[in-house]
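Reader: Could you walk me through how some helices and strands are arranged here? I'd like the reasoning along with the answers.

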Amino acid sequence: MKEGNGMQEKHQRVYKELIKAYYTNHFEETFKKILKEEFENKQEAKDVLSILCGVEDLEEEEDYLFTQKLLDAITRQQVRKKIVQKVRICKEDCEREGEKSKCQSVCPFDAIIRDGAGEKWIDESLCISCGCCVSVCEKGNYMETPQFLPLISWLKGEEKVIAIVAPAIAGQFGKEISLDQLREAFIKLGFADMVEVAIAADILSLKEALEFSEHVAKKGDFMITSCCCPMWVAALRKVYSSIIKDVSPSVSPMIAMGRVLKTLTPEIKVVFIGPCMAKKAEAKEKDLVGAVDAVLTFEELKLIFEAFEIEVKSLKGVPAIDYASTGGRLYARTGGVSQAVWDIVDQVFPKKRELFTAQQADGMKACKSLLEELVKGEVKASFIEGMGCKGGCVGGPKAIISVEEGKQAVNQTAYESVIKIPIHSEVLQALLSRLGIERLEELSKEQSLFERDFR
């Protein structure tokens, strides 16, 4: 299992109680019991419970009115805007890394600062909601915002809700758990279906291979992938804007998948599930909002399965067509994007083979070093890939298993794929045709479904 800290044990227990109580219409009595028995400090209790319910803080002293306002906010899907927040004052008893506290030492953009009294707080203008502080704080002073309770009414109602899962889901719920078993588990929760985000990754691999062929004309030219990682994108936009012209304009596979599904069926709701907290913030960015309606982490999903007593390993599974390629599924680990794009360049653009040399970095320290070298002209590679977490998405703060276990599971799932390269996929060709894209070359032109403006 993965080492490190997730949601505090008490918070996990309370979260599961709240989920089950809301779903079974026993929320008020359960909430009253939790408010009375689980917390010593009433205000802290209300702050924490608001976060676990996924809604904004409510200014209400009287317990009954507070509960009613909370229920109303959940029902109206008034999802909390902040993804990561401090919930209590820090004492100076945490482990330190040099002159910085532990949380400060892992923050990739130095967003945790001290005020005049020495208390730490989050500068919202710098925070990218990566969740590193949540993962390392042993005291539970930082919390992320779960988003499941506000979407339960969709699952209980007539809304058609599709779960889209990150490629990193391989192995997270057990070595022998198949994607078909996970699909059945989602259906038991009330989702209409589960779809692999890897199919959108395949589309973006084709798109970035085309862009590489056009952008890299000679030795010394380079292209930077924008796929997957919101931390990598944030570093490029906030700090290294001088090379933004060399960044692929592609959206992430999560956004691409959401847009594809909503183009084909506009009335559906789309929920992304992955190992990354920063995806919750990405889904709310002004030029991306609307593609994905909610984001859950693997840790949240594990607690949800436990709350509803769903044993995934005991399910027979609901089979589907094996439509994602090896490359699309490899996006979950460092080097996966490079491998996926290279496989297409190798077959479709043989004249560009000699120009394709890839270099990757994982972990924000290594990503920043690579970008510094790129700005100085010290990097000789022509395809640049960065992942904010060590090992890539499999090393995300809300992954359940270790990086190495995650990488092995992803590799196994990817290399077992019937489709090795997306250009050979009839399912993908049919999907693109339904989107009005008949020729591969059309992906290199401005495509509103798959692009954003990084400037």
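Author: Happy to! One definition to begin with: axes are lines fitted to C-alpha atoms, and angles run from 0 to 180 degrees between N-to-C directions. Please keep in mind that this is a predicted model.

Reader: Thanks! At about what angle does helix 13 run to strand 11?

Author: Helix 13 covers residues 298–307. This helix lies across strand 10 (269–274) and strand 11. Its angle to strand 11 is about 80°.

Reader: Which strands stand at the edges of the sheet?

Author: The open sheet has four strands in the order 8-7-10-11, with parallel pairing. Each edge strand has a single partner strand, so one side of it is left without a neighbour in the sheet. Those at the edges are strand 8 (193–196) and strand 11 (294–297).

Reader: And which residue in strand 8 does I164 stand opposite?

Author: Strand 7 (residues 161–165) pairs with strand 8 in the parallel sense, over four bridges. Opposite I164 in strand 8 stands V195.

Reader: Are helix 9 and helix 18 roughly parallel or roughly perpendicular to each other?

Author: The axes of helix 9 (residues 198–215) and helix 18 (residues 426–434) come within 11 Å and cross at roughly 80°. Angles of 65 to 115 degrees count as roughly perpendicular. The two helices, helix 9 and helix 18, are therefore roughly perpendicular.

Reader: How many charged residues does the contact of helix 9 with helix 18 have?

Author: Helix 9 brings I199, D202, I203 and L206, while helix 18 brings L428, L431 and L432. By class, six residues of this contact are nonpolar and no residues are polar. The charged count is one.

Methods: Residues numbered from 1 in each chain as written. Predicted model: local features only at pLDDT ≥ 70, side-chain atom pairs only at ≥ 80, totals over all residues. Heavy atoms only, no water. Parallel < 35°, antiparallel > 145°, perpendicular 65-115°, else oblique. Contact = heavy atoms within 4.5 Å. Nonpolar A, V, L, I, M, F, W, Y, C, P; charged D, E, K, R; others polar. Pairing = 2+ DSSP bridges.
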